[in-house]
Amino acid sequence: MEFNREKMKQIRKLMVLAAVLALAVIYSEKVLWGGAFLLGIMRPFIYGGGVAFVLNIPMKLIEEKLLVRRKNKAAKKWKRPLSMVLSLALILLVLAVVIGMVLPQIALTAAEVGRKVPAFMEQMVQMFEQLAEDEPALADWVGKLETMEINWDSIQENIVHFLKNGAGNVLNSTFNVAGSIISGVVNGAIALVFALYILAQKERLASQGKRLISAYLPARIGDRLLEICSLLYKNFSNFITGQCLEAVILGAMFVVSMSIFRMPYALMVGVLIAVMALIPIVGAFIGCAVGAFLIMINNPLQALWFVVLFLVLQQIEGNLIYPRVVGNSVGLPSIWVLMAVSIGGSLFGIAGMLMFIPLMSTGYALLRESVNKRNALKAKKSAADEEEPKEEKQEKD
């Protein structure tokens, strides 16, 4: 009777699950709309969790290595807030250094470009005049263009129509942009406050999560889930650390090599490429474009050599340094790192590149563990099967 009751419980659970899945498929549009609505509501808290995860890495290092452990209650009380303040100050200092080095140089370059535009236009006019003198056919074609009749009334009507219709669109776009900026600032503030609350009470939150898992899940499944969460935390932490280390190495390579070849803006370009290199594989190309533009203003030929230097260093970094540094930090072979970046970038862009490496590393570790267990069981069973005929033979003898 007990067996039948258990079977009936399982059948009821399966029926409920099938009904839920069927309703989800039938009303898939509403389900997706509801999921997007909930995601929009939870977005600042998701961002806050991400910020807390990133801040926890230097904060944990400061707590364990830099701050002296004391047994009195006053030291323990101020240890966590002090480590949080130092972590925020460290990140803000890095951002201030990057912005202070890159933005002023870009502004100076833009001003220099503005000063060189008139001279460039004058050179272009002289070049076209010389070309017209050398090519009489081109001068005749330009003369025909000058004699063409232009319907100015039609052009004026089109401009007025565009201004009438475009003014409302421009105004709506302005309000939309302003609303997006205000919403982004509010969400950023909420995310930061939420991250600070998480960091201040992370041990308590972890204990509550474990109690919740143990209350609603069987012991075996709960323990396995906690193991997977611990592995995910380790892989994501190691990935962020390895990514930052790789960015520093790449930036240092550019500073040293550009200084050796006497290229301008060596320190600024190295810092910019190091920051952009936090985006896996492709981020450094953004820094290359900005650096090449800045160098091209002074010396176009030197900008060409900078692009050649970038391609050489990028090959070294992409094929040797990045897979080894980041791959070793997350325990993932080089080929799987490149595959994770390609798949993640194709599916979700930059966010996919950042997320798929630690996710694939976790899946790789779980698959390796499962394969090793299965192979060990098969080897044990095979050894037992080989021993049975030997025992039977000995009994016959």
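## Contacts and surfaces in a predicted model

At 15% relative accessibility, Ala365 counts as buried (buried means under 20% relative accessible area, exposed over 50%, partly exposed in between, with a 1.4 Å probe and protein chains only). Ala365 sits in helix 11 (residues 334-396); helices here are DSSP runs of H or I with at least four residues, numbered from the N terminus. The C-alpha atoms of Ala365 and Gly331 are 8.0 Å apart, with their positions 34 residues apart along the chain.

This is a predicted model, in which local features need pLDDT of at least 70, side-chain atom pairs count only at pLDDT 80 or more, and totals for chains, interfaces and linings use all residues. Residues are numbered from 1 along each chain as its sequence is written, and side-chain values use heavy atoms, with hydrogens and water left out.

**Salt bridges.** The whole structure holds five salt bridges. A salt bridge is a side-chain nitrogen of Lys or Arg within 4 Å of a carboxyl oxygen of Asp or Glu. The table gives some of them.

| Acid | Base | N to O distance |
|---|---|---|
| Glu203 | Arg80 | 2.7 Å |
| Glu369 | Arg224 | 3.5 Å |
| Glu369 | Lys373 | 3.4 Å |

The side chains of Glu203 and Arg80 meet in a salt bridge. This pair links distant parts of the chain: Glu203 is in helix 6 (residues 202-216) and Arg80 in helix 3 (residues 73-134), 123 residues apart. Glu203 is partly exposed at 45% relative accessibility. Arg80 is buried at 16%.

Glu369 also forms a salt bridge with Arg224. Here the pair spans 145 residues, from Glu369 in helix 11 to Arg224 in helix 7 (residues 219-260). Glu369 has a relative accessible area of 28% and is partly exposed. Arg224, at 32%, is partly exposed. Glu369 and Lys373 are four residues apart in helix 11, so about one helical turn separates them. Salt bridges with shared partners join Arg224, Glu227, Glu369 and Lys373 into one network.

**Aromatic pairs.** Rings of Phe, Tyr and Trp (its six-membered ring) pair if their centres lie within 6.5 Å; planes under 30 degrees apart count as stacked, over 60 as edge-to-face and the rest as tilted. The count comes to six aromatic pairs. Phe45 and Phe194 have ring centres 5.2 Å apart and planes at 85°, so this pair is edge-to-face. Phe45 lies in helix 2 (residues 28-66) and Phe194 in helix 5 (residues 152-200), so the pair ties together parts 149 residues apart in sequence. Phe45 is partly exposed at 34%. Phe194 is partly exposed at 29%.

Phe285 and Phe310 form an edge-to-face pair, 5.1 Å centre to centre, with 75° between the planes. Phe285 is in helix 9 (residues 283-298) and Phe310 in helix 10 (residues 300-330), so the pair ties together parts 25 residues apart in sequence. Phe285 is partly exposed at 41%. Phe310 is buried at 1%. Ring pairs link Phe254, Phe285, Phe306 and Phe310 into a cluster.

**Nonpolar patch.** A nonpolar surface patch of about 1,200 Å² includes Trp33, Leu39, Phe45 and Ile182. Such a patch joins nonpolar side chains (Val, Leu, Ile, Met, Phe, Trp, Tyr) within 5 Å, from residues with over 30% relative accessible area and no salt bridge. Helix 2 gives the most, with nine residues. Leu39 is in helix 2 and is partly exposed at 44%.

**An enclosed helix.** Eight of the 11 residues of helix 8 (residues 266-276) are buried, so helix 8 is largely enclosed by the rest of the structure. Among the buried residues are Met268, Val271 and Leu272.

Conventions
Helices (H or I, at least four residues) and strands (E, at least two) are DSSP runs, numbered from the N terminus. Patches are made of residues with over 30% relative accessible area and no salt bridge: like charges are joined within 9 Å, nonpolar side chains (Val, Leu, Ile, Met, Phe, Trp, Tyr) within 5 Å. Accessible areas come from the Shrake-Rupley method with a 1.4 Å probe; for residues, only the protein chains shown count as cover.
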